[in-house]
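I opened the model to look up a few things and keep a record of them. The entries below are in the order in which I took them.

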Amino acid sequence: MSMDLTEEDATFRDVTRRWVNAECSKQYCRELERQEHVFPQELWDKLSAFGAHGIGIPEEFGGQGGSIVTQTLFAREFARTAAGIGWVWGVTSFSGAKTLTFCGNESQKKEFLPKIASGELRTAMSYTEASGGTDLLGGLRTTAVKGDGGWIINGEKIWSTGAGTADYLLLMARSDTEVAKRSRGVSIFLVPTSSEGITIAEMPKLGMRCVGSCSVHLDNVFVPDALLLGEPGNGWYQSTKTVNNEKLINAAFCLGMLDGVIEDALEHMKSRHAFGKVIGEFQILQHYLADMAMWQTQGELLVMHTAKLQASGAQTATESTMAKVLCSEYVSKAADLGIQILGGMGYSAETDMQRYWRDSRLLRIGPISNEMARNKIAEDLGLPRSF
Ligand SMILES: Cc1cc2nc3c(=O)[nH]c(=O)nc-3n(C[C@H](O)[C@H](O)[C@H](O)COP(=O)(O)OP(=O)(O)OC[C@H]3O[C@@H](n4cnc5c(N)ncnc54)[C@H](O)[C@@H]3O)c2cc1C
């Protein structure tokens, strides 16, 4: 296992770090988050100017090129200050950019990828329904029925992050009920949010506050054939690559937030005084920080190792799941200890520790819950399927 970067990747990481420090400081992101339901257009434009939306999109389609290694490097550096606001970039990166790159046809790639890369077009992912997120197939009630020149979609999605400000939804629907296995007969569509029959409403939530997560109601929404992604009925299997990409980006986001937690905890331990000395002299607080540093190193090794494997074309379902579970649990524990180290100021909205704590909490639940993730890891080890 190695985290050695190529010269090109190391340069990209350093350039990104300088850009993050100059353009999206923690204070800037903290203030953006305070505006709660306002989409941070200025931040989106900064990301466009930096070329961030084109990361992972092939150059022939107007992107910056790069692989999952580049995506994880960017996600980590960005999340160090942005925390959950990082999803402003992340959602379109894996839902639109990667899914279209993986399973779009030539004309869909030509039509959409350059616009995503330039920041002209945003996408959101609409898979989860109220009837079940972990048991996504069991809970899938949204239907797509073939009509003349397209499909008629009916149903209701929840928690679709970024849907309120997206141009297209990457939407999963059941397109065939006469199937031997429920994983068959599922299709993925690019649904324009401007379509007649769509109602989108924001759902209040604990963290990631300026990137709205939404319910999406679809009432007889017509989607032309040209916006079906890949093969009809094969959507579940097509999603695998996107999901593995998403899990690893999630892990990298957690690692970036962990970097932010350690930075702030260390600074506070060196400057805050109690009983005539800096609190960094208290052994128990040193142990908290030492634990965080070990989690950071473990997380970094696993994320980089998996990213390199995935970039080489290897099957990384197990490793991506492991990276997502470990990094989400490490950052969650670290942010909690971080609040303890900062004392009352850790609970204050004037510091970032509470943001890391709130924003990282989600990643133990989604995109796959850590319980379900462990089920899959156990199954990959040869144990009987437990669900
Ligand atoms: C802020 C936020 C943003 C989100 N963004 C998106 C998005 O952009 N697009 C999208 O499609 N979805 C999104 N989601 C949905 C997310 O992926 C789901 O919440 C997640 O998959 C869990 O599903 P659920 O909430 O229905 O929980 P449930 O499936 O109801 O699970 C409840 C509990 O039961 C446990 N459980 C269920 N089955 C098993 C089992 N077999 N073994 C052990 N334990 C089990 C779970 O681990 C969990 O602890 C988002 C969610 C949130 C909260």
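The entries go from the whole chain to its domains, then to the ligand and to single residues.

**Entry 1: the whole chain**

I note at the start that this is a predicted model. I counted the secondary structure and got 11 helices and 10 strands in the protein chain. I then looked up the extent of the C-alpha trace, which spans about 80 × 50 × 40 Å along its principal axes. For 387 residues a compact globule would have a radius of gyration near 21 Å, and the protein chain agrees because its value is 21 Å. I also looked up burial, and 47% of the 387 residues are buried. For contacts I took pairs of residues at least 6 apart in sequence; 72% of these contacts join residues at least 24 apart.

**Entry 2: domains**

I looked up the domain assignment, which gives domain 1 (7-122), domain 2 (125-234) and domain 3 (237-380). I then took the pair of domain 1 and domain 3. Their centres, taken over C-alpha atoms, are 20 Å apart. I found 25 residues of domain 1 in contact with 23 residues of domain 3.

Which elements give two or more residues to the side of domain 1 that touches domain 3? They are helix 2 (26-34), helix 4 and helix 5 (87-103). Helix 4 gives the most, with 11 residues. By class, this side of domain 1 has nine nonpolar, nine polar and seven charged residues.

**Entry 3: helix 4**

Since helix 4 gives the most residues to that side of domain 1, I looked at helix 4 by itself. Helix 4 covers residues 68-82, which is 15 residues. From its first C-alpha to its last it reaches 20 Å, close to the 21 Å expected at 1.5 Å a residue. Is helix 4 largely enclosed or left open by the rest of the structure? Helix 4 is largely enclosed, because 15 of its 15 residues are buried. Just after helix 4, I noted that A83 takes a positive phi of about 50°.

**Entry 4: E31 in helix 2**

I picked E31, which is found in helix 2. E31 counts as exposed because it has 12 C-beta neighbours inside 10 Å, and the cut-off for exposed is 12 or fewer. I then looked up its distance to E350, which is 319 residues away along the chain. Their C-alpha atoms are separated by 9.4 Å.

**Entry 5: the ligand**

I listed the shell around the ligand and found 23 residues, of which G133, T134, G366, S369 and F387 come nearest. By class the shell has 10 nonpolar, 11 polar and two charged residues. Where do the shell residues come from, by domain? Domain 2 and domain 3 each supply at least three of them. By element, strand 1 (123-126), strand 3 (150-161) and helix 11 (370-380) each supply at least two.

G366, one of the nearest residues to the ligand, also came up when I looked up the peptide bonds. A cis peptide bond joins G366 and P367, with omega about -5°. P367 has its place in the loop between helix 10 (353-361) and helix 11.

**Entry 6: positive phi at W159 and M208**

I looked up residues other than glycine with a positive phi. W159 has a phi near 60°, and its place is in strand 3. W159 counts as buried because it has 22 C-beta neighbours inside 10 Å, where the cut-off is 20 or more.

M208 has a phi near 45°. Its place is in the loop between strand 6 (198-203) and strand 7 (213-224). M208 also counts as buried, because it has 23 C-beta neighbours inside 10 Å.

**Entry 7: V223 in strand 7**

I took V223 last; it is found in strand 7. V223 is buried, with 23 other C-beta atoms within 10 Å. What is V223 in contact with, leaving aside its neighbours within four places in sequence? I found G150, W151, I153, F189 and V191. I also looked up the pair V223 and V325, which are 102 residues apart along the chain. Their C-alpha atoms are separated by 36 Å.

Key:
Residues numbered from 1 in each chain as written. Predicted model: local features only at pLDDT ≥ 70, side-chain atom pairs only at ≥ 80, totals over all residues. Helix = DSSP H or I, 4+ residues; strand = E, 2+ residues; numbered from the N terminus. Expected span 1.5 Å × (residues − 1). Rg over C-alpha atoms; globule rule 2.2 N^0.38 Å. Contact = placed C-beta atoms within 7 Å. Near = placed C-beta within 6 Å. Nonpolar A, V, L, I, M, F, W, Y, C, P; charged D, E, K, R; others polar. Domains from an automatic or database assignment.
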